[in-house]
Amino acid sequence: MRLILLGPPGAGKGTQATRLVEKYGIPQLSTGDMLRAAVTAATPIGLKAKAVMESGALVSDDIVVGIIDERLDQPDAKKGFILDGFPRTVAQAEALDVLLARKGLKLDAAIELKVNAEKLVSRIVNRAVEAKAAGRPVRKDDDPEVFKTRLAAYFRDTAAVTPHYAAKGALHEVDGMAPIAEVAAAIDAALAKVK
Ligand code: AMP
């Protein structure tokens, strides 16, 4: 199963990806996680990406496409994968088409978690408040102001990615504001039609 999870930050892509990883035994490929690991390890990519990520803006297409290109060649991705947080621009989606074709791979589905932007901001603000109260670290980019920048980047750059997959007949829309179990059931129903 080769999937793309689309939707703004905070929509629950990570939560659903974790469940799909178990269900299908395929890895979750999150460019955000990979970039954070690169920042922590202070690799050349991490050093370039750090400030951009902290501001809530997008890292350059070349960097993330390069990361995904290499990651798809790892043995654990041979059975399939879930792309989470990628592609985030139409240029990334087009680059992904090219590299999947080059690798002889076909995408099964793109699932979009649709959300209400205002409710999403309050969800993230609560998440940050709860994490702080519990003494857990809050991601710098989950700070409410930075989060708003990330959300704006989503609607400016990434919202245009969904029509790319709709045009291929691969897009499945799911209500991302529903309770987690309902979102999961809706995703399963969509995927049941695919395979
Ligand atoms: P995420 O964990 O997916 O919300 O990503 C955190 C941050 O990493 C984003 O705000 C961007 O700065 C960067 N990032 C992750 N994925 C991408 C991508 N596909 N294209 C550009 N920047 C990305």
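# Exercises: the ligand and the spaces around it

The shell around the ligand is made of 7 nonpolar, 4 polar and 5 charged residues. Keep in mind that the model you are looking at is predicted. Let's work through it together.

**Exercise 1. Find out how many residues surround the ligand, which are the closest, and which helix gives the largest share of the shell.**

Step 1: Start with the count. The ligand is surrounded by 16 residues.

Step 2: Pick out the closest ones, which are T31, A57, G85, Q92 and R150.

Step 3: Now look for the helix. Helix α2, residues 31–40, contributes 4 residues, the largest share of the shell.

**Exercise 2. Describe the polar contacts that T31, G85 and R150 make with the ligand, then say how much of the ligand's accessible area the protein covers.**

Step 1: A polar contact here is a pair of N or O atoms within 3.5 Å, so that is the cut-off to apply.

Step 2: Take the side chain of T31. One of its N or O atoms is 2.8 Å from a nitrogen atom of the ligand, so this pair passes the cut-off.

Step 3: Turn to G85, where the backbone does the work: a backbone N or O atom is 2.9 Å from a ligand nitrogen atom.

Step 4: For R150, look at the side chain again. A polar atom there lies 2.8 Å from an oxygen atom of the ligand.

Step 5: Finish with the cover. On its own the ligand has 480 Å² of accessible area, and the protein covers 96% of that.

**Exercise 3. Work out which space the ligand takes, and describe the lining of that space.**

Step 1: The ligand takes up the space of the largest pocket, which holds about 900 Å³.

Step 2: Count the lining: 42 residues, with P9, G10, K13, R139 and R150 nearest the centre of the pocket.

Step 3: Sort the lining by class. There are 17 nonpolar, 14 polar and 11 charged residues.

Step 4: Ask which element gives the largest share. That is α2, with 5 residues. Among the other elements that supply at least two residues each are α1 (13–24) and α7 (144–158).

**Exercise 4. Describe the largest cavity: its volume, its lining and the elements behind that lining.**

Step 1: Note the count, which is 1 cavity of 30 Å³ or more. The space in the largest cavity is about 70 Å³.

Step 2: Find its lining residues, including L5, L6, K13, G85, F86 and Y154. The elements giving two or more residues to this lining are β1 (2–6) and α7.

Step 3: Sort by class to get 7 nonpolar, 3 polar and 2 charged residues.

Terms used: Residues are numbered from 1 along each chain as its sequence is written. This is a predicted model: local features need pLDDT of at least 70, side-chain atom pairs count only at pLDDT 80 or more; totals for chains, interfaces and linings use all residues. Side-chain values use heavy atoms; hydrogens and water are left out. A residue is near a molecule or strand if one of its heavy atoms lies within 4 Å of it. A polar contact is a pair of N or O atoms within 3.5 Å; within protein, one must be able to donate a hydrogen and the other to accept it, and residues adjacent in sequence count only if both atoms are side-chain atoms. Accessible areas come from the Shrake-Rupley method with a 1.4 Å probe; for residues, only the protein chains shown count as cover. On a 1 Å grid over the protein atoms alone, a cavity is a set of points where a 1.4 Å probe fits but cannot get out, and a pocket is an open set with protein on both sides within 12 Å along at least five of seven lines; lining residues have an atom within 4 Å of a point. A molecule sits in a cavity or pocket if more than half of its atoms lie within 2 Å of its grid points. Ala, Val, Leu, Ile, Met, Phe, Trp, Tyr, Cys and Pro count as nonpolar, Asp, Glu, Lys and Arg as charged, and the others, Gly among them, as polar. Grid points are joined across faces, edges and corners, and a volume is the space filled by probe spheres set on the points.
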